[in-house]
Amino acid sequence: MTVIDQIYQGDTRNAGAAKPRILALANQKGGVGKTTTAINLGTALAAIGERVLIVDLDPQGNASTGLGIDRRNRNCSTYDVLIGEAPLRDAVVPTAVPRLHIAPSTMDLSGLELELGATRDRAFRLRDAIAALNDNIAPPLDYTYVLIDCPPSLNLLTVNAMAASDAILVPLQCEFFALEGLSQLLQTVEQVRSTLNPNLSIHGIVLTMFDSRNNLSNQVVADVRQFMGKKVYDTMIPRNVRISEAPSYGKPVLVYDLKCAGSEAYLKLATEVIQRERELRTAH
């Protein structure tokens, strides 16, 4: 029995609730583990019975590739959805993981900001697309979680993700400039909250690429926990060779090697996400 099986009891959702919980994985710094966390958190949530859609908003399309979606099979992508040429359901493709689907991206996304220009609803394209996602769809075909993999910049794509989301999940690498980047991201979240999405919150900060033998890693952990308090998840994602290898096989690390330290960490993170969801619901 996994740690998830032991802790996860019952359904985290209200019966009959049609609206999925929408979490954006955002950090304007590249290489912090956003895509890896989106893929593996999505897989872990699907493994415990949630119905998960990953929305790939990064023009590089690494989440799509990491889940085994060939570039030739991305006939309809998140680009088509955001320019208004297709509903989000049309872009969705299944992955090898049961209950986990993805809306893949293509390089076309990189020109979106120029194409939409001064369009009045440009910041709400994704929000409106997700709002229609579960219309007239009953379980088990509806989605209970939508995870948005953001690009490594604070551009229109990331603003769309924040405007559409209930909360932000921030992967933060255990490195020297981590806090500097975090404060900039928090400012952006505040701006979005005051102008576009008053309900947006920080779901949590997950520390990635942690190496307990490294004094700097330990110092960063201490600093971030002091600065952000309970917003930092207890679970830390370790530096792990298997996590690095898995995307080249088009697989989440949980499928590639379930027993490795990276897989165990992502299962624990999924447990924490579910627990926080439960606490948020009881608070309301």
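Strand β2 and strand β4 (residues 100-103) pair in the parallel sense over 4 bridges. In that pairing, Ile54 stands opposite Ile102 in β4. The model is a predicted one.

## Strand β2 and its neighbours

On its other pairing, β2 is joined to β5 by 5 bridges, and these strands also run parallel. Here Leu53 of β2 has Val146 of β5 as its bridge partner.

How many of the residues of strand β2 are buried? The count is 5 of the 5 residues in 52-56, so the strand is largely enclosed by the rest of the structure. The side chains split by direction. Val52, Ile54 and Asp56 point one way from β2. Leu53 and Val55 point the other way. Asp56 is buried along with the rest.

## The sheet as a whole

β2 belongs to an open sheet of 8 strands. The order is β3-β4-β2-β5-β1-β6-β7-β8, and the pairing is mixed. β3 (93-94) and β8 (232-238) stand at the edges. Each has a single partner strand, so one side of each is left without a neighbour in the sheet.

β5 also pairs with β1. Strand β1 (residues 21-25) and strand β5 (residues 145-149) run parallel and are joined by 5 bridges. Ile22 has Val146 in β5 as its bridge partner. Val146 is thus named in two pairings: with Ile22 and with Leu53 of β2.

Helix α13 (residues 261-283) packs on this sheet. It touches β1, β5, β6, β7 and β8. The direction of α13 makes about 165 degrees with that of β8.

## Helix α10

Helix α10 (residues 215-228) lies across β6 (167-173), β7 (201-210) and β8. It runs at about 170 degrees to β7. α10 has 14 residues and reaches 20 Å from its first C-alpha to its last, close to the 20 Å expected at 1.5 Å a residue.

Which residues of α10 are buried? They are Ser217, Val220, Val221, Val224 and Met228. Seen down the helix axis, the buried residues fall within an arc of 100 degrees, so they line one face of α10. Their cover includes β6, α9 (178-195), β7 and β8. On the other side of α10, Asn215 and Gln226 are exposed.

Gln219 also sits in helix α10. This residue is partly exposed, with a relative accessible area of 43%. Gln219 and Cys174 are 45 residues apart in sequence, yet 8.6 Å apart in space, C-alpha to C-alpha.

Both ends of α10 can be described. At the N-terminal end, Asn214 is the cap. A side-chain oxygen of Asn214 lies 2.7 Å from the backbone nitrogen of Leu216. After the helix comes Gly229, with a positive phi near 60 degrees.

## Helix α2

Helix α2 (residues 34-47) also has 14 residues, which should span 20 Å at 1.5 Å a residue. Its end C-alpha atoms are 20 Å apart, which agrees.

α2 is mostly covered, with 12 of its 14 residues buried. Among them are Lys34, Thr35, Asn40 and Leu45. Just after α2, Gly49 takes a positive phi of about 105 degrees.

## Positive phi and accessibility

Most residues other than glycine have a negative phi. Two residues here go against that pattern: Arg99 has a positive phi although it is not a glycine, and so does Met209. Their values are set out below.

| Residue | Location | Phi | Relative accessible area |
|---|---|---|---|
| Arg99 | loop between β3 and β4 | about 70 degrees | 39%, partly exposed |
| Met209 | strand β7 | about 55 degrees | 22%, partly exposed |

Met209 lies not far above the cut-off, because buried means under 20% relative accessible area; at 22% relative accessibility, Met209 counts as partly exposed.

## Asn240

Asn240 is found in the loop between β8 and α11 (241-245). Is this loop residue buried or exposed? At 17% relative accessibility, Asn240 counts as buried. Beyond residues up to four places away in sequence, Asn240 touches Cys260, Ala261 and Gly262.

Terms used. Residues are numbered from 1 along each chain as its sequence is written. This is a predicted model: local features need pLDDT of at least 70, side-chain atom pairs count only at pLDDT 80 or more; totals for chains, interfaces and linings use all residues. Side-chain values use heavy atoms; hydrogens and water are left out. Two strands pair if DSSP finds at least two bridges between them. Contact means heavy atoms within 4.5 Å. Axes are lines fitted to C-alpha atoms, for helices over the stretch in contact, and angles run from 0 to 180 degrees between N-to-C directions. The expected span of a helix is 1.5 Å times one less than its number of residues. Buried means under 20% relative accessible area, exposed over 50%, partly exposed in between (1.4 Å probe, protein chains only). The arc is that of the directions from the helix axis to the C-beta atoms. A polar contact is a pair of N or O atoms within 3.5 Å; within protein, one must be able to donate a hydrogen and the other to accept it, and residues adjacent in sequence count only if both atoms are side-chain atoms.
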